[in-house]
Amino acid sequence: MTNNKKLEQLEQFKASDAGKPITTNQGVKITDDEHSLKVGDRGPTLLEDFHFREKMTHFDHERIPERVVHARGTAAHGTFECYEDASDITMANFLNQKGKITPVFVRFSTVAGSRGSADTVRDARGFATKFYTEEGNYDLVGNNIPVFFIQDAMKFPDFVHAVKPEPHNEIPQAQSAHDTFWDFVANNQESAHMVMWHMSDRSIPRSYRTMEGFGVNTFRFVNEAGQAHFVKFHWKPVLGVHSLVWDEAQKIAGKDPDFHRRDLYENIEAGNYPQYELCVQLIRQEDEFNFDFDILDPTKIWPEELVPLRKLGIMTLNRNVDNFFAETEQAAFHAGHVVRGIDFSNDPLLQGRLFSYTDTQLIRLGGPNFHELPINRPVCPFHNNQRDGYNRMTINKGQVSYHKNSLQQNTPYEVPANEGGYEHYQEKVEGRKVRARSESFKDHFSQARMFWESMTPVEQEHITKAFSFEVGKVEDKGVRQQVVDMFANVSRPLAETIAKNVGVMPPDASIAEVTAPFISKAVSMYENPVPFLKSKKVGVIVNEESNISAIKQSLEAQGITVELISNHQGEIDGQPIDHSLETASPVLYDGLVIAAMFNDTVTNKKVDTFADEIYNHYKTLAFLHQGAVSEEYNQHPGVTDSVDDFIDALKLGRHFDRTNATG
Ligand code: HDE
């Protein structure tokens, strides 16, 4: 039925209640699930009502702690297909045979917000992949931004405390636009490079399907001969990288807080399976010190122009979960879950991550046996002498639960490295025990400057606006000033514009911009945009006069998802109308076709508002009739008057060359 071993394994845990009698957890059939047991129909409830007690007790305990970071997320199943044998660089078994398929489970997330927060907030996105390989689970726990705010895991609790809602009033939810975040930034200037990415449109993705993923930390690949490379991981979305614009992102947070979750779910249901290529950058051990940045520093990228990407395979997400809690919520990822052929580096952020994941999951998932939960189980067998603990599922047979033993012929047995046992890379390490940071980690601005200079003018404008918004929300003027001074190291014009917009002094003349060591066009989103049509979502405003089926057909022939909007729901010409002008919103579409004029001014005004909003967010617009609004927008980029032209313009993406849009 499927070549996905994980999905087959999950089947045995699935249950359906449809068509079945209702029972207690003990299997006793229930006559009445509506009324508690009472003395007379107006009398007190009886404690002996075992059904009431069980139902209520279970309900009382339905919540588990949310993830301390990355609480809001959504996930899907899929497969990874290996492009070619990569055994020259790693003995990882899932990368050693062309065409080999490995099941995966991917969870995307925001970082700062609570479980119920909105999807489209300005934030980094988590991109965590569990590969269920034949030699055990490998977790690639990444983000959609390739660097991080801090260099040492010791500072992670401080960083997270600063970005989360402030402790005295728990405001604001899921935002970095507040005093403590920017106070942290100004006082911990290693954050400069990541803050530049965070202020860019990378932080407001259009979709989980259109964002990159990065392992961020430096890992090691080791081959059978014991040779190692430093490695960084990248996921490249086949659809390219596309983002929202800020005004739109904020409005979507209200109109559809589940925007990204819905987009992923609906596209998988529709067969528009998201795909990402897995690529690696490799640096030979002997080249460790041949760069003008430290390759263990997680606030630095390895520019792709200096260290090229090698493609290893492609991941396809093709199946939604059956149960959000059992799968998405109970999934436990760990940067330390590696398989043979993948090892760690001394990146001090990575080293600290290795402690944190299991530690937090022990309380979130209620004890040490969460590896037995269906979603977390490997597809290969696992055996050891671990026993007992809360929620133990396995019934381990036999007398022996220790090593070494003679009663069970010394089993479960150890596996030598040359027969498939995991052997840690034998790096030679020497040094004094110190609390310190390497001198080579101390340049905080060169790559931040490189990022700024590698941006297109549109991207620079968006970054400037984002800074002005975020720092403008900081109430403490001293913090605003410190931020302005800090970013004068990256770009004086940028800092001066922010200063003006947020009402503080221009940066001190003594602060000098650093120079960019390199320009990396690969970090720009808009330098090489990837055009696409399939799965873009278009709203079509129609009434009885519109040629609905012809328009719909032309758009759907291109794989475009179409939603019909009118002044009422129901049907027109036998076509179901998906939305009224009230339940639809222009911020939820990639483009809008207006194929109707209504006879009342109020409705036409609403349509005009749709057109304005689409226009201001640089999205493609078609007026299939003449009217006051269409004339106003005549001749502007991405504004068309036929379905064919609309399709051509939609394919390109946003029309940032509109000079008078306000988005
Ligand atoms: Fe995480 N991180 N992290 N992180 N992280 C968690 O684990 C941590 C870091 C990332 O969908 C937690 O089970 C420390 C970088 C993702 O379930 C926790 C440090 C990157 C997810 C934790 C980092 C990540 C997490 C919270 C600094 C990008 C969500 C809940 C040393 C490479 C996984 C949990 C999911 C989750 C610790 C930094 C990615 C607390 C200590 C850098 C995608 O263990």
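Is D287 buried or exposed? In this predicted model, D287 counts as buried, at 19% relative accessibility. The cut-off for buried is under 20% relative accessible area, so D287 falls within that class. D287 lies in the loop between β8 (275–284) and β9 (310–320). D287 and C82 are separated by 205 residues in sequence. In space, their C-alpha atoms are 27 Å apart.

The surroundings of the ligand were examined next. The shell around the ligand contains 23 residues. R67, R107, S356, Y357 and Q361 come nearest. By class, the shell divides into 11 nonpolar, 8 polar and 4 charged residues. Three elements, β3 (125–133), β4 (136–143) and α9 (348–364), each supply at least two residues of the shell. The largest share comes from α9, with 7 residues.

Side-chain contacts to the ligand include those of R67, S356 and Y357. An N or O atom in the R67 side chain is 2.7 Å from an oxygen atom of the ligand. For S356, a side-chain N or O atom is 3.1 Å from a ligand oxygen. In the case of Y357, the partner is a nitrogen atom of the ligand, at 2.8 Å from an N or O atom of the side chain.

Y357 also has a role at the metal. The iron atom of the ligand has a single donor from the protein, the OH of Y357. The distance is 2.1 Å. Y357 is placed in helix α9, the element that gives the largest share of the shell. Y357 thus appears among the residues that come nearest to the ligand, in a contact with a ligand nitrogen and as the protein donor to the iron.

Cysteine pairing was then assessed. A disulfide is a covalent bond between the sulfur atoms of two cysteines. The count of disulfides in the model is 0. C82 is in no disulfide, and the nearest cysteine sulfur, that of C279, is 13 Å away. Seen from C279, the closest cysteine sulfur is that of C82, and 13 Å is too far for a bond. The cut-off is 2.5 Å between sulfur atoms, so the two cysteines do not qualify as a pair. Both residues are buried. C82 has a relative accessible area of 1%, and C279 has one of 2%.

Charged pairs were considered next. Side chains of opposite charge can pair when their charged atoms come close. The structure holds 42 salt bridges. Among them is the pair R340 and E224, with the closest N and O atoms 3.5 Å apart. This pair links distant parts of the chain, 116 residues apart. R340 is in the loop between α8 (324–329) and β10 (342–344). E224 is in the loop between β6 (219–222) and β7 (228–237). The two partners have contrasting accessibility: R340 counts as buried, at 10%, whereas E224 counts as exposed, at 57%.

A further salt bridge joins K442 and E439, whose closest N and O atoms are 3.2 Å apart. K442 is partly exposed, with a relative accessible area of 46%. E439 is exposed, with a relative accessible area of 63%. Elsewhere, salt bridges that share partners join E11, K14, R319 and D322 into one network. Within this network, the side chains of K14 and E11 meet at 3.1 Å, N to O. K14 counts as partly exposed, at 32% relative accessibility. E11 also counts as partly exposed, at 37%.

A polar contact was noted at helix α11 (residues 457–472), where S468 lies. The side chains of S468 and N501 are joined by this contact, at 3.0 Å. S468 counts as buried, at 13% relative accessibility.

Conventions
Residues are numbered from 1 along each chain as its sequence is written. This is a predicted model: local features need pLDDT of at least 70, side-chain atom pairs count only at pLDDT 80 or more; totals for chains, interfaces and linings use all residues. Side-chain values use heavy atoms; hydrogens and water are left out. A residue is near a molecule or strand if one of its heavy atoms lies within 4 Å of it. A polar contact is a pair of N or O atoms within 3.5 Å; within protein, one must be able to donate a hydrogen and the other to accept it, and residues adjacent in sequence count only if both atoms are side-chain atoms. Helices (H or I, at least four residues) and strands (E, at least two) are DSSP runs, numbered from the N terminus. Ala, Val, Leu, Ile, Met, Phe, Trp, Tyr, Cys and Pro count as nonpolar, Asp, Glu, Lys and Arg as charged, and the others, Gly among them, as polar. Buried means under 20% relative accessible area, exposed over 50%, partly exposed in between (1.4 Å probe, protein chains only). A salt bridge is a side-chain nitrogen of Lys or Arg within 4 Å of a carboxyl oxygen of Asp or Glu. Donors are N, O and S atoms within 2.8 Å of the metal (3.2 Å for Na, K and Ca); water is not among the atoms, so sites may look incomplete.
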